[in-house]
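Biologist: I have a new model open on my screen, and I would like to learn how to read it. Could you walk me through it?

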Amino acid sequence: TVGSRPPASNSEATIDVVKHRQPTDGLTETEAAIIRLGREMVGERKVSSETFAEARRLFGDRQLLDLVSLMGHYQATASLLLACDVQVPAGKPALPR
């Protein structure tokens, strides 16, 4: 239903799709929509009308705004860390690329 909470998923397959920029084939409709929205926002710096309409249909206005805001906050944090040249402390593992 519109505005309902999307199903939670942290499956390794979903994480790998994001981490390795793989196609979203085989993911749930919700997972694929979130990933497509994020990829367009960050990678293309423009969200297509089709992607926006699909996300709006799945999440409703409020949840879509929350999702976009959350993605924006993560992007802002990443920019801040890059601009300030924040490094992983010595002896701590870095995240894989």
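Biologist: Let me begin at the surface: what share of the area that the protein chain exposes do carbon and sulfur atoms supply?

Modeller: Keep in mind that this is a predicted model. The chain exposes about 7,500 Å², and carbon and sulfur atoms supply 58% of that area. Buried residues make up 22% of the 97 residues.

Biologist: Which pattern does the protein chain follow along the sequence?

Modeller: The pattern is α-α-α, with three helices and zero strands.

Biologist: How far apart are the end C-alpha atoms of helix H2?

Modeller: A helix has an expected span, so we can compare. H2 covers residues 29-44, and at 1.5 Å a residue its 16 residues should span 22 Å; the end C-alpha atoms are 21 Å apart, which agrees. Just after H2, arginine 45 takes a positive phi of about 60°.

Biologist: What covers the buried residues of H2?

Modeller: The cover includes helix H1 (12-19) and helix H3 (49-83). Among the buried residues of H2 are Ala33, Ile35 and Leu37.

Biologist: Which residues form the largest nonpolar core?

Modeller: The general idea is that in soluble globular proteins, nonpolar side chains tend to be buried together. Here the largest core has eight residues: Ala33, Leu37, Ala55, Leu58, Phe59, Leu64, Leu67 and Met71. H2 and H3 are the elements that give two or more residues to this core, and H3 provides its largest share, six residues.

Biologist: Which residues does leucine 37 touch, not counting those up to four places away in sequence?

Modeller: Leucine 37 touches Val47, Thr51, Leu64, Leu67, Val68 and Met71.

Methods:
Residues numbered from 1 in each chain as written. Predicted model: local features only at pLDDT ≥ 70, side-chain atom pairs only at ≥ 80, totals over all residues. Heavy atoms only, no water. Helix = DSSP H or I, 4+ residues; strand = E, 2+ residues; numbered from the N terminus. Buried < 20%, exposed > 50% of the residue type's maximum accessible area, 1.4 Å probe, protein only. Areas by Shrake-Rupley, 256 points an atom, 1.4 Å probe, with all protein chains shown as cover. Expected span 1.5 Å × (residues − 1). Contact = heavy atoms within 4.5 Å. Core = buried A, V, L, I, M, F, W, Y, C linked by side-chain atoms within 4.5 Å.
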